[in-house]
Amino acid sequence: MDNSVELAESAPSFGSLFPSTRYFEIDSRIAGVRFSAWVTLPAQYDADKAQSFPVVYQVDGNLFFPATAPFHQAMPSDSLSPLVPFILVSVGYSNAESQDWQWLRVRDLLPPDEPIPEAMLQAVEYSVQAGLLPKEKGDRYLAMFGKPAADKFLGFLEGELHPALAATFRMDENDVGLWGDSYGGLFAAYVAIKRSDLFKRIGAGSPGIIENSQIFKLYQQAVDSKEDYSGRRLHVTIAARELTQPTIYQWLVARSTTELLSQTTLHPLPGLQVSTEIIPLETHLTAGVPAWFSFLRACYGRSPID
């Protein structure tokens, strides 16, 4: 008996994989580059045409959109840990540059004058030498690393992307969140300390803060300003193995993140609510998705009986 079958290879459409998501590309005048945005709606969106929804912006969308969006519509109905329904906006890079997102993010997620770890520069040089990266691209990335521009990326989010999306979707203008991991976590901490007019609930996963980071200078400036941070929340997560295993992540990420957290205790910003969670068993690489769910439970969770 012949049980052989024929494999019919095909490429499923985007809509069949992500039926509740719409994809956009946007040319930013502020940043001077082209970004992408995946907008994933909650299952409740069409039930009441008058209802507006909180919105959460997620950076590094090229990585985290496909890993988290499939859970989005089901999470408000999770019987153990339900969430408030919200609109998810995953922000990343255009189709033309999507293969280079891991380098481009350094330009957009690091604050101006942020030092670059030597290991990052060596990674670019190694990629060029190994033939994994064309030399012209390597030179371009090294030049970008010298001029990080998180201020421009924040300007794009606040002044260009959000107004365009708010004009298209029913978004609650008073309930806007932001989450990022690694350098995205550094960006999230930067936005929280800068006291963004738009983002009030912010999650920073394993933030890529190093010893001489601009974050510490900005935090001290915020303390000295005595500005009111009431109504704002910062949720910080870190992977257990970043803390416990003797690697570069222990003496860079873990050390500096715990230093930032100690500053929020010793010199709290007036009104800022800070929460933390250690992600058990995970590493810097694998803690991103659990950190996302930790942030959502902390900042958008609701009682199962609501």
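A cavity here is a set of grid points where a 1.4 Å probe fits but cannot get out, and lining residues have an atom within 4 Å of such a point. Keep that in mind as you go round this predicted model.

**Stop one: the second largest cavity.** Select V191, A192, R195, S196, F199, K200, I202, R232, R233 and L272, and you have the lining of the second largest cavity. The space inside comes to about 40 Å³. Colour the selection by residue class and you'll see five nonpolar, one polar and four charged residues.

**Stop two: the largest cavity.** The structure has two cavities of 30 Å³ or more, and the largest of them holds about 50 Å³. To find the walls, pick F35, V59, D60, V91, G92, Y93, R105, L109 and F153. Two elements, β4 (87-93) and α3, each give two or more residues to this lining. Which one has the largest share? That's β4, with three residues. By class, this lining divides into six nonpolar, one polar and two charged residues.

**Stop three: the largest pocket.** Now go for the open space. The largest pocket contains about 760 Å³. Its lining is made of 27 residues, and the ones closest to the centre are R105, M120, S182, Y249 and H284, so click those to land in the middle. Then show the helices α2 (61-68), α3 (101-109), α4 (118-129), α10 (248-266) and α11 (288-300), as each of these elements gives two or more residues to the lining. Sorted by class, the pocket wall has 18 nonpolar, six polar and three charged residues. R105 may look familiar: this residue also lines the largest cavity.

**Stop four: a hairpin.** Select residues 21-27 for strand β1 and 34-40 for strand β2; the two run antiparallel and are joined by seven bridges. Want one bridge to zoom in on? Take F24, whose partner in β2 is A37. Between the two strands of the hairpin are six residues, and in that turn G32 has a positive phi of about 75°.

**Stop five: aromatic rings.** Stay on β2 and highlight F35, a residue you met in the lining of the largest cavity. The model counts 22 aromatic pairs. In one of them, F35 and F156 are stacked, 4.4 Å centre to centre with 25° between the planes. How many residues apart are F35 and F156 along the chain? They are 121 residues apart, with F35 in strand β2 and F156 in helix α6 (residues 150-166), so rotate the view to see distant parts of the chain linked by this pair. Are these two residues buried or exposed? Both F35 and F156 are buried.

For a contrasting geometry, jump to F295 and Y300. Their ring centres are 5.9 Å apart and the planes meet at 75°, so this pair counts as edge-to-face. F295 is buried because its relative accessible area is 0%, and Y300 is buried too, at 1%.

Back at F35, widen the selection to Y93, F153, F156, F187 and Y190: ring pairs link these residues and F35 into a cluster. Y93 and F153 also appear in the lining of the largest cavity.

**Last stop: charges over rings.** Keep Y300 on screen and add R201, whose charged end sits over the Y300 ring, 4.3 Å from the centre. Finish with Y45 and R170: here R170 lies over the face of Y45, at 4.1 Å from the ring centre.

How values were computed: Residues are numbered from 1 along each chain as its sequence is written. This is a predicted model: local features need pLDDT of at least 70, side-chain atom pairs count only at pLDDT 80 or more; totals for chains, interfaces and linings use all residues. Side-chain values use heavy atoms; hydrogens and water are left out. On a 1 Å grid over the protein atoms alone, a cavity is a set of points where a 1.4 Å probe fits but cannot get out, and a pocket is an open set with protein on both sides within 12 Å along at least five of seven lines; lining residues have an atom within 4 Å of a point. Grid points are joined across faces, edges and corners, and a volume is the space filled by probe spheres set on the points. Helices (H or I, at least four residues) and strands (E, at least two) are DSSP runs, numbered from the N terminus. Ala, Val, Leu, Ile, Met, Phe, Trp, Tyr, Cys and Pro count as nonpolar, Asp, Glu, Lys and Arg as charged, and the others, Gly among them, as polar. Two strands pair if DSSP finds at least two bridges between them. Rings of Phe, Tyr and Trp (its six-membered ring) pair if their centres lie within 6.5 Å; planes under 30 degrees apart count as stacked, over 60 as edge-to-face and the rest as tilted. Buried means under 20% relative accessible area, exposed over 50%, partly exposed in between (1.4 Å probe, protein chains only). A charge sits over a ring if NZ of Lys or CZ of Arg is within 6 Å of the ring centre and within 35 degrees of the ring normal.
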